[in-house]
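Good morning, everyone. Please have the sequence and the model open while I talk, and follow along residue by residue.

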Amino acid sequence: MSENVYPKANEGGETAHVAPNPSFPQMEETVLNYWDKDDTFQKSVERNPSGDHSQNEFVFFDGPPFANGLPHYGHLLTGYAKDVIPRYQTMKGRKVNRVFGWDTHGLPAELEAQKELGIDSVDQIEKMGIDKFNDACRASVLKYTHEWQDYVHRQARWVDFEHGYKTLNIPYMESVMWAFKQLYDKGLAYQGYRVLPYCPKDQTPLSAHELRMDADVYQDRQDTTVSVAVKMRDEEDAYAVFWTTTPWTVPTNFAIVVGADIDYVEVRPTEGKFAGKKFYFGKPLLEHYTKELGENYEVVRELKGSELAGRRYYPVFPYFAGRRPRPKVMCPARTATRSSPPTTSTPSKVPAWFTRLPTVRTI
């Protein structure tokens, strides 16, 4: 290693000459090697007292990564932020213990274990045994710990790997349960309901992070959808047309929602099987229905969604509620360009309480 990587003072106190083209990676490695030999990080922690009742400690909670995948640029960027704050607090005289951790729970760990085992369904997991699958997950989640340690060390981040924790450790899990109980006892936790994305493949709810993981969890796709025309109650041969990516929910729908300020049109086909009938469409979508309406149709009038609000229509499946007539499915083979659930058949039965007359509502 070159002796003139850093400027040094000579006997006369003058700064020695620095190489005109220094190697910055070499300079970085020189500093890292010096910190390792000097144990600089541990000294910086020990030199500051904890204080009475640990009042001089600065506790830094670091969201731990998974070790079943190699680190990437995103980890590098956030790693610097996680290092700068504890260093700053240490410089202010606070005692900052920084212990690295590993996240070993959640869908990422399970998916990686499934790939390694060559299985892709919950049924296969149950067949091989939950205990055996858990053992495979434990081995998988710590697969790249050494690569992570080299990566974090090279970016000059000060952190304790030797005493690193794992979320699969019983003491860790018990500490989380204890902390939650403290919140519950103080009335800071409550029971409620929220809508979560669901993965039918793994039969589990998904967090926002898990949705963005990879294509195995969430992906854009095209699915068959339907457009349904429901008969208006207060007007002869008039139908409101709605489009849905979830046709299996249609039997339980009690309202069509329209935008109060959105433009709609009343259209009357002049030929074909719908000749003489009136249909209400969202104006921007009208051109998508020329195949069903025919080339010759009359735009009777334009109106706002607020003018449709409050009007009643007959249920989509009236024979369960003693009402009539049945709907006209206008185009059952359209495709959705946005993400949508897998297509399935419409349920064959509707609950007995399906007796209310549905209404057009605004948002």
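I will begin with Tyr-239, which has a relative accessible area of 4% and is therefore buried, the cut-off for that word being under 20%. Please keep in mind throughout that what we are looking at is a predicted model.

Tyr-239 has an aromatic partner in Phe-279: the two rings are stacked, with their centres 5.5 Å apart and an angle of 25° between the planes. Since Tyr-239 belongs to strand 6, residues 238-244, and Phe-279 to strand 9, residues 278-282, the pair ties together parts that are 40 residues apart in sequence. And is Phe-279 buried or exposed? Its relative accessibility is 0%, so Phe-279 counts as buried.

Let me follow the chain out of strand 9, because the loop between that strand and helix 10, residues 290-293, is where we find Leu-286. With a relative accessibility of 9%, Leu-286 counts as buried. Setting aside neighbours within four places in sequence, Leu-286 is in contact with Val-265, Val-267, Phe-281, Leu-293, Tyr-297 and Val-299. For one of these, Val-267, I can also give the backbone separation: its C-alpha atom lies 8.9 Å from that of Leu-286, and the two residues are 19 apart along the chain.

Now let me step back to the protein as a whole. There are 363 residues, of which 33% count as buried, and the secondary structure consists of eleven helices and 13 strands. If we take the contacts between residues at least 6 apart in sequence, 73% of them join residues at least 24 apart. The protein exposes about 23,400 Å², with carbon and sulfur atoms supplying 53% of that area.

How many aromatic pairs does a search of the whole structure find? The search returns 13, and one that I would like to set beside the stacked pair is formed by Phe-100 and Trp-148, which is tilted, at 6.5 Å centre to centre and 45° between the planes. Phe-100 is in strand 1, residues 99-102, while Trp-148 is in helix 7, residues 145-154, so this pair ties together parts that are 48 residues apart in sequence. Both Phe-100 and Trp-148 are buried. They also belong to a cluster, linked by ring pairs, that includes Trp-102, Tyr-151 and Phe-161.

Trp-102 leads us on to Thr-167, since, neighbours within four places in sequence aside, Thr-167 is in contact with Trp-102, Asp-103, Thr-104, His-105, Tyr-172 and Met-173. Thr-167 is located in the loop that runs between strand 2, residues 160-166, and helix 8, and at 5% relative accessibility Thr-167 counts as buried. Within that list of contacts, Thr-104 deserves a separate mention, as its side chain and that of Thr-167 are joined by a polar contact of 2.7 Å.

Finally, let us turn to the surface, where Phe-180, Leu-183, Tyr-184 and Leu-188 form a nonpolar patch with about 470 Å² of accessible area together. Where in the chain does Leu-188 lie? Leu-188 sits in the loop between helix 8, residues 170-185, and strand 3, residues 198-199. Its relative accessible area is 60%, so Leu-188 is classed as exposed, the threshold for that class being over 50%.

That is where I will stop, and I am happy to take questions.

How values were computed:
Residues are numbered from 1 along each chain as its sequence is written. This is a predicted model: local features need pLDDT of at least 70, side-chain atom pairs count only at pLDDT 80 or more; totals for chains, interfaces and linings use all residues. Side-chain values use heavy atoms; hydrogens and water are left out. Helices (H or I, at least four residues) and strands (E, at least two) are DSSP runs, numbered from the N terminus. Buried means under 20% relative accessible area, exposed over 50%, partly exposed in between (1.4 Å probe, protein chains only). Contact means heavy atoms within 4.5 Å. Accessible areas come from the Shrake-Rupley method with a 1.4 Å probe; for residues, only the protein chains shown count as cover. Patches are made of residues with over 30% relative accessible area and no salt bridge: like charges are joined within 9 Å, nonpolar side chains (Val, Leu, Ile, Met, Phe, Trp, Tyr) within 5 Å. A salt bridge is a side-chain nitrogen of Lys or Arg within 4 Å of a carboxyl oxygen of Asp or Glu. A polar contact is a pair of N or O atoms within 3.5 Å; within protein, one must be able to donate a hydrogen and the other to accept it, and residues adjacent in sequence count only if both atoms are side-chain atoms. Rings of Phe, Tyr and Trp (its six-membered ring) pair if their centres lie within 6.5 Å; planes under 30 degrees apart count as stacked, over 60 as edge-to-face and the rest as tilted.
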